[in-house]
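Me: I've got a protein model open and I'd like to work through how its pieces fit together. Can we go through it bit by bit?

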Amino acid sequence: MRPLFTTKDTRDTKGPKRTKADLDWHGRQLENATKTGFSFVSFVSFVSFVFVATSRSIAQTPDRPAVGPEKPFQLTERVERTLPNGLRVIVTRQTAVPKVSLTLTVLAGYSSDPADVTGLAAMTAQAIQEGTKARNSREIRRQAFGMGGSISASASQDYTSVSARGLAEFAPDLIDLVADIATNPTFPENEIAILKQQHEQTASRQKASPQFLSNREFRRALFGEHPYARVAETPESIRAMDRAKLVAFHGDHYRPNNAFLLVVGAVDPDRVFSATEKAFGTWTRRDVPKRSFAVPPTLNGRRVYFVQRPNSIQSSISVGNFAVKRSDPRWFELNLANTIFGGAFNSRIVRNIREEKGYTYSPQSQFTAFADAGFYRFAADVRNEVTGPTLTEVFKEVDKLRADGSDGAELSGAKQYLRGLFAIQTATQAGLSGVLNNIYVFGLPRDYLETYRARVAGVTPTQVKSAAASLLGSTNAVIVIVGDYAKVKDQLGAFNDIIFLDIEGKKVAPPTQ
């Protein structure tokens, strides 16, 4: 087995080289990011880059110390209460810094959108920040800034979150601000008009992104009429939105019995519960609409969708199939199998088509799980002349992992990698809030945090092999290619009945040249 982390240089002269300029550039990016704020994924990408870039020089030091034992994961006991109106409140003390992180999560997201108004949940999340009965949009932001923090709201596939960060001493005021935004929005017509204009511009720009088109058509092809086929609003759905629809969506879904509040930081739980009761106590409960999920299409064979984009100099490829929902107990072994295949910087697919063959700079494999279903998706942008060979190598690696599984140093390295990421992710208030949010959204075990590393460590080679066979589809898969068909068609002879689409996603006739 090839180890997940190796000190051997497997690149040939065709592979991308790491130079001092590369390291200097990444250093500048990290410095800039620390000033402006950056995502957890960006941080992990940088850590992975530095790890691989320096591994050879470290390996040459004969007396380097061995990796020490993992420190125990210590989390202050969560304190929970449910208000009379049904709002669950969860408080976790984390006192490393004198700050607090609040997350009010409503169990309605893209999957709750009407089929013809995709993006309504996302637009509602933005619109509630633009004015309440007590504050206008400027006052909302000015007050958040005045408490040493910020406030935001966004929609995901299964939920919407209103998040606030600030100094812990202002926790009651932040709770009051979040409550006002979530329960008393006025949806000003002029602010809605500005938001719609901004979203229409974004939707237009997205059509110029082959990566966006590849992901969009992959999700549509995989999920069909299922709500998880929706990844972003369209110009048509944005134009269909108006104040009445936003007010109705908010009234239907933003209810205390359909929400929970997470508070993580240097706070006293009793004071938090008192402030929450005061701020949210008058929020009225109501029955909320139940989501209905259509049955996704059945995969039969390798189905190829080609989005014609004339004059493209590269192909944007997506390959994947269905996976389990987030609450499935097999999630740990499936996530580990994906990490070995393409979910880590030094995974099999990265070493193959990036390091050894130089087909692309940053291939990746994503394992994504939602409340009702999930999917695995390989994604990469490759040169036109290696479009076909890339697909060949992807399925070769899929078949190999399905047949042989993984063990030894490779499996051990993947486990260490995931346990290390977990430590980084839960080290901050925002990161810990994100993990806790998943626990309550997807109904994960209460001890998920405390047992995560042990669950990862306990996955066996047999389970990884079984997970690979379940996760990585070989004979049945969705394949999406965005590019210039005339330049790659000779490489796609192994695929029959290719479906051709335009950039709107509508079926078109095969290109004549």
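Reply: Sure, let's start with one pair of strands. This is a predicted model, and in it strand S7 (residues 302–308) pairs with strand S11 (residues 477–483) over seven bridges. Among those pairings, Arg302 has Ala477 as its bridge partner in S11. The sense in which S7 and S11 pair is parallel.

Me: What is the strand order of the open sheet of six strands?

Reply: The pairing in this sheet is mixed. At its edges sit strand S9 (364–369) and strand S12 (499–501), each of which pairs on one side only. Reading across the sheet, the order is S9-S10-S8-S11-S7-S12.

Me: By how many degrees are neighbouring strands of this sheet turned against each other on average?

Reply: Direction is ignored here, so to speak of a turn is just to compare the lines of the strands. The average for neighbouring strands of this sheet is 20°.

Me: How many bridges join strand S8 to S10?

Reply: Strand S8 (residues 314–323) and S10 run antiparallel. Ile317, for example, has Ala380 in S10 as its bridge partner. The count of bridges joining S8 to S10 is 10.

Me: And which residue in S10 does Gln364 stand opposite?

Reply: S9 and S10 run antiparallel, with six bridges joining them. A hairpin links S9 to S10 through four residues. The residue in S10 opposite Gln364 is Ala379.

Me: Is S10 largely enclosed or not, and why?

Reply: Let's count residues: a residue is buried when its relative accessible area is under 20%. Eight of the 10 residues of S10 are buried, so the rest of the structure leaves S10 largely enclosed.

Me: Which helix lies across S9 and strand S10?

Reply: Look for a helix that runs at about 165° to S9. Its residues are 331–343, and S10 here covers 374–383. That helix is H11.

Me: Now for helix pairs. Are H14 and H16 roughly parallel or roughly antiparallel?

Reply: Two packed helices are described by the angle between their axes and the distance between the axes. Helix H14 (residues 408–425) and helix H16 (residues 448–457) pack at about 170°, with axes 9 Å apart. Angles over 145 degrees count as roughly antiparallel. H14 and H16 are therefore roughly antiparallel.

Me: How many residues of the contact of H14 with H16 are charged?

Reply: On the H14 side there are Lys415, Leu418, Arg419 and Phe422, and they meet Leu449, Tyr452, Arg453, Val456 and Ala457 in H16. These residues divide into six nonpolar and no polar ones, and the charged ones number three.

Me: What is the hand of the crossing where H14 passes H16?

Reply: We already have H14 and H16 packing at an angle of about 170°. As H14 passes H16, the crossing is left-handed.

Me: How do H3 and H9 lie to each other: roughly parallel or roughly perpendicular?

Reply: Helix H3 (residues 120–127) packs against helix H9 (residues 243–253) at about 90°, and their axes are 10 Å apart. Angles from 65 to 115 degrees count as roughly perpendicular. H3 and H9 are therefore roughly perpendicular.

Me: How many residues of the contact of H3 with H9 are nonpolar?

Reply: Leu120, Ala121, Met123, Thr124 and Ala127 in H3 meet Lys245, Leu246, Phe249 and His250 in H9. Two of the contact residues are polar and one is charged, while the nonpolar count is six.

Me: Last one: what percentage of the residues of the protein count as buried?

Reply: The protein has 18 helices and 12 strands. Of its 513 residues, the buried share is 51%.

Note on methods
Residues numbered from 1 in each chain as written. Predicted model: local features only at pLDDT ≥ 70, side-chain atom pairs only at ≥ 80, totals over all residues. Heavy atoms only, no water. Pairing = 2+ DSSP bridges. Helix = DSSP H or I, 4+ residues; strand = E, 2+ residues; numbered from the N terminus. Axes fitted to C-alpha atoms, helices over the stretch in contact; angles between N-to-C directions. Contact = heavy atoms within 4.5 Å. Parallel < 35°, antiparallel > 145°, perpendicular 65-115°, else oblique. Left-handed = near helix turned anticlockwise from the far one by under 90°. Nonpolar A, V, L, I, M, F, W, Y, C, P; charged D, E, K, R; others polar. Buried < 20%, exposed > 50% of the residue type's maximum accessible area, 1.4 Å probe, protein only.
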